[in-house]
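Work through the exercises below with the sequence and the 3D view at hand. Try each task before you read its solution.

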Amino acid sequence: KVVDNTAKEVEIQIDLVPGADPDVTIDALYAFTDCQNSISTNACVIVDNKPMFLSVNEILELSTNKTRDLLKRELEIRLAELNEKWHFSSLEKIFIEKRIYRNIEEATTWEMVIDVIDKGLKPYKKLFRREITTEDITRLTEIKIKRISKFDSFKADEEIKGIEEELKTVAHDLKHLTEYSIKWFQ
């Protein structure tokens, strides 16, 4: 006889006929239920294009390391962007403050314009973190006269200082990547 006394908690009562062996009955009950199935706590995941059976802790570790690598790459990209921004802001500041743009009035060809700007920047090249390229010089020639006439040296200095502060922060985060990753997860 099976009696279901389930209320808040599950409770099922089984009354056996007199003379029945309880151990045989229990074995028979388990044979027809999912209670006898073994459950693996490992999950099958794809790692490096290969299936692997991993525990939850191993999956968390893999996932965390992958996220840490992505955060590192993100910081490296941001660092490169900031370096470019600093480079061009500094280049533009020198180009306008030292009035190098005035020297191109005499140039008759595009090559001469590039050469005149390059020569005008020569004394300041040691101040930069990377070489000044022809592409940089071409960008300088695209600055509008209106922008040159409204150039504010103090504002440019403040912008460069802001970029330098952000560069320091990103460099610090790269050096302390684990702490940065923990903050990101939090």
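## Exercise 1: A bridge between helix and loop

The side chains of E84 and R130 form a salt bridge, with 2.7 Å from N to O. The model is a predicted one.

**Task.** Find where E84 and R130 lie, and say what the pair ties together.

**Solution.**
Step 1. Place the residues. E84 belongs to helix α2, while R130 sits in the loop between α3 (110–121) and α4 (134–141).
Step 2. Look at the sequence separation. The two are 46 residues apart, so the salt bridge ties together separate parts of the chain.
Step 3. Check the distance. A salt bridge needs a side-chain nitrogen of Lys or Arg within 4 Å of a carboxyl oxygen of Asp or Glu. The E84–R130 pair has 2.7 Å.
Step 4. Recall the principle. Side chains of opposite charge can pair when their charged atoms come close.

**Task.** Are E84 and R130 buried, partly exposed or exposed?

**Solution.**
Step 1. Take the cut-offs. Buried is under 20% relative accessible area, and exposed is over 50%.
Step 2. Apply them to E84. Its relative accessible area is 36%, so E84 is partly exposed.
Step 3. Apply them to R130. Its relative accessibility is 28%, so R130 is partly exposed.

## Exercise 2: More salt bridges

**Task.** How many salt bridges does a search of the whole structure find? Then describe the pair E166 and R78.

**Solution.**
Step 1. Take the total. The search finds ten salt bridges.
Step 2. Turn to the pair. The side chains of E166 and R78 meet at 2.7 Å, N to O.
Step 3. Locate both ends. E166 is in helix α6 and R78 in helix α2, so the pair links distant parts of the chain, 88 residues apart.
Step 4. Judge exposure. E166 has 33% relative accessibility and is partly exposed. R78, at 30%, is also partly exposed.
Step 5. Look for a network. Salt bridges link R78, E81 and E166.

**Task.** Which helix holds both K119 and D115?

**Solution.**
Step 1. Find the helix. Both residues lie in α3.
Step 2. Count along the chain. They are four residues apart, about one turn of the helix.
Step 3. Check the contact. Their side chains form a salt bridge of 3.1 Å, N to O.
Step 4. Sort by exposure. K119 has a relative accessible area of 55%, so K119 is exposed. D115 has 35%, so D115 is partly exposed.

## Exercise 3: The hairpin

**Task.** In what sense do β3 and β4 pair, parallel or antiparallel?

**Solution.**
Step 1. Find the strands. β3 covers residues 43–47, and β4 covers residues 50–54.
Step 2. Read the pairing. The two strands are antiparallel, with five bridges.
Step 3. Match the partners. V45 has M52 in β4 as its bridge partner. V47 stands opposite K50 in β4.
Step 4. Inspect the turn. Two residues separate the strands of this hairpin. D48, in the turn, has a positive phi of about 55°.

## Exercise 4: Two pockets

**Task.** What is the volume of the largest pocket, and which residues lie nearest its centre?

**Solution.**
Step 1. Take the volume. The largest pocket has about 290 Å³.
Step 2. List the lining. There are 14 lining residues, and E92, R147, F151, A156 and E159 lie nearest the centre.
Step 3. Sort by class. Nine lining residues are charged, four nonpolar and one polar.
Step 4. Name the main contributor. α2 gives the most, with five residues.

**Task.** Which residues line the second largest pocket?

**Solution.**
Step 1. List them. They are I12, I14, L16, P22, T25, I26 and L29.
Step 2. Assign elements. β2 (12–14) and α1 (22–31) each give two or more residues. The largest share, four residues, comes from α1.
Step 3. Sort by class. Six are nonpolar, one is polar and none is charged.
Step 4. Take the volume. This pocket has about 180 Å³.

## Exercise 5: The whole chain

**Task.** How does the spread of the chain relate to that of a compact globule?

**Solution.**
Step 1. List the elements. The chain has seven helices and four strands. From the N terminus they run β-β-α-β-β-α-α-α-α-α-α.
Step 2. Use the radius of gyration. At 36 Å, the radius is well over the 16 Å that the globule rule gives for 186 residues, so the chain is more spread out than a compact globule.
Step 3. Add the dimensions. The C-alpha trace spans about 115 × 35 × 25 Å along its principal axes.
Step 4. Add burial. Of the 186 residues, 22% count as buried.

How values were computed: Residues numbered from 1 in each chain as written. Predicted model: local features only at pLDDT ≥ 70, side-chain atom pairs only at ≥ 80, totals over all residues. Heavy atoms only, no water. 1 Å grid on protein atoms, 1.4 Å probe; cavity = no way out; pocket = protein on both sides within 12 Å on 5 of 7 lines; lining within 4 Å. Points joined across faces, edges and corners; volume = space filled by probe spheres on them. Nonpolar A, V, L, I, M, F, W, Y, C, P; charged D, E, K, R; others polar. Pairing = 2+ DSSP bridges. Buried < 20%, exposed > 50% of the residue type's maximum accessible area, 1.4 Å probe, protein only. Rg over C-alpha atoms; globule rule 2.2 N^0.38 Å.
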